[in-house]
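User: Could you take a close look at a single part of this model for me? I'd like one connected account of how it packs against its surroundings.

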Amino acid sequence: MNILIVNTSRVANDLLEKRARIFSDRRVTPMMELNLTSLWTMKPVVNRFYPYQYKKVQEFLCNLIISPHKFMQHTMGLSQSLVFSSVYGLDVAPEDHLAQIAVEAMNTLANTQIIGAFPTIQRYPWLRYMPSWFPKCGFQQKRGPGTSIIAESAVQNEGNAEALEAIKRMGIRKGQEEIDVVIGKDRLPTFEDRLSLPYLEAIYREVMRLHPPIPSGVIHTSIEDDYYRGYHIPKGCAVVPNVWAMNRDKEVYSEPDRFLPERHLNIPGGPFTNINDISAFGFGRRVCAGRYMADNTVWLSVASVLATLTLGKAKDKNGNEINILGEYTSGMLRHPKPYQASITPRNQDAKGLIMAATSP
């Protein structure tokens, strides 16, 4: 198999955007064929989903103040409940069997994108027709439908100790000050407020840059031979857009490993650039179909949390702060490993806003 790893956004734009006709095929392995089902797509007219997003984000806030120690479960639940309610009309909680199956299926489907993850079936595709008890066919037990990856984006920044401290010192404070000035303290943020909150937008863009949920991107495949800068790219070549490397390109980002929302304020046009500039959503014709809904949901979640909640480190029984190790999972999908945090309402008025928004 021929593999081309793209480490700069300039090359990704040249190949995956400008030559999308050639580099937009999907790499389908025998293992993926066992897992792929019909996927829902999203047009950029997502305002009809606003009511679902408001409702689920408000429930998310309520869950955070009722049981803050389950914040990672609540974050995952926000993603799942929004997809199930808006697309299928189902009210699904994280502990429901359907939700748990969806998480497992998503992880399995994501693993099929990793080259070499299932070498046996890759070499012998006919094994997919064998029962699960047949030697080397345990993968048959992992079949199932896919689900959303929005939750991976919603929690990606919280697990990094340096990033968390940076947000605590400047990001959270500045973001909350901006919200207080623009929106006030008597209502929750709405999508209509977005263009009036440039620093909040900068926080969101920096989160998506620093910790993309799919660091290696979604693999593209060339449908014919091509040449780029003197290099031959053969038909069937797997093109891996290395989003992690692109977002840490020192020629584009100074101090690329630091969490600096201000960097997005200093570019032409400010932080409100095209959604396609967020490389975490992919490139060309393989771009995330649900990116508009994901973008809105993550932004509204960040805005609503900063408007109403105080985030910090948890404390032990002696009152000492518990350090956050900043450990992440490995694999196709990247998200923080479990850790402890302190989440409390900013004040009684903020708590009242949350309770009023979720009351029958």
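Analyst: **A close look at helix α3**

The protein has twelve helices and eight strands, where helices (H or I, at least four residues) and strands (E, at least two) are DSSP runs numbered from the N terminus. This is a predicted model, in which local features need pLDDT of at least 70 and side-chain atom pairs count only at pLDDT 80 or more, while totals for chains, interfaces and linings use all residues. Residues are numbered from 1 along each chain as its sequence is written, and side-chain values use heavy atoms, with hydrogens and water left out.

A word on the whole protein before we zoom in. Of its 360 residues, 48% are buried; buried means under 20% relative accessible area, exposed over 50%, and partly exposed in between (1.4 Å probe, protein chains only). If we take contacts between residues at least 6 apart in sequence, 74% join residues at least 24 apart, with contact meaning heavy atoms within 4.5 Å.

Let's turn to helix α3 and its partner α11. Helix α3 (residues 50-66) packs on helix α11 (residues 291-308) at an angle of about 40 degrees, and their axes are 10 Å apart. Axes here are lines fitted to C-alpha atoms, for helices over the stretch in contact, and angles run from 0 to 180 degrees between N-to-C directions. The two helices are therefore oblique to each other, given that angles under 35 degrees count as roughly parallel, over 145 as roughly antiparallel, 65 to 115 as roughly perpendicular and the rest as oblique. The crossing of α3 and α11 is right-handed; a crossing is left-handed if the near helix is turned anticlockwise from the far one by less than a right angle, and right-handed if clockwise. On the α3 side, the contact is made by Tyr50, Gln53, Tyr54, Val57, Phe60, Leu61 and Leu64, and on the α11 side by Met293, Asn296, Thr297, Leu300, Ser301, Ser304, Val305 and Thr308. Sorted by type, these residues are nine nonpolar, six polar and no charged (Ala, Val, Leu, Ile, Met, Phe, Trp, Tyr, Cys and Pro count as nonpolar, Asp, Glu, Lys and Arg as charged, and the others, Gly among them, as polar).

Helix α12 also packs on α3. With helix α12 (residues 348-358), α3 makes an angle of about 125 degrees, with the axes 9 Å apart. That makes α3 oblique to α12, and the crossing of α3 and α12 is left-handed. Here Gln58, Glu59, Leu61, Cys62 and Ile65 of α3 meet Lys351, Ile354, Met355, Ala357 and Thr358 of α12. The contact of α3 with α12 divides into six nonpolar, two polar and two charged residues. Leu61 is listed in the contact with α11 and again in the one with α12.

Now for the aromatic rings. A search of the whole structure finds six aromatic pairs; rings of Phe, Tyr and Trp (its six-membered ring) pair if their centres lie within 6.5 Å, and planes under 30 degrees apart count as stacked, over 60 as edge-to-face and the rest as tilted. One pair joins Tyr54 and Phe191, whose ring centres are 5.2 Å apart and whose planes stand at 40 degrees, so the pair is tilted. Tyr54 lies in helix α3 and Phe191 in the loop between α8 (161-182) and α9 (198-210), so this pair ties together parts that are 137 residues apart in sequence. Both Tyr54 and Phe191 are buried. Phe191 also pairs with Trp299: their ring centres are 6.3 Å apart and their planes at 35 degrees, so that pair is tilted too. Trp299 sits in helix α11, so its pairing with the loop residue Phe191 ties together parts 108 residues apart in sequence. Phe191 has 10% relative accessibility, and Trp299 is buried at 0%. Tyr50, Tyr54, Phe191 and Trp299 form one aromatic cluster.

From Trp299 we can step on to a neighbour. Leu200, in helix α9, touches Glu178, Ile179, Trp299, Val302, Ala303 and Leu306, leaving aside residues up to four places away in sequence. Leu200 is buried, with a relative accessible area of 0%. Its C-alpha atom and that of Leu306 are separated by 9.1 Å, although the two residues are 106 apart along the chain.
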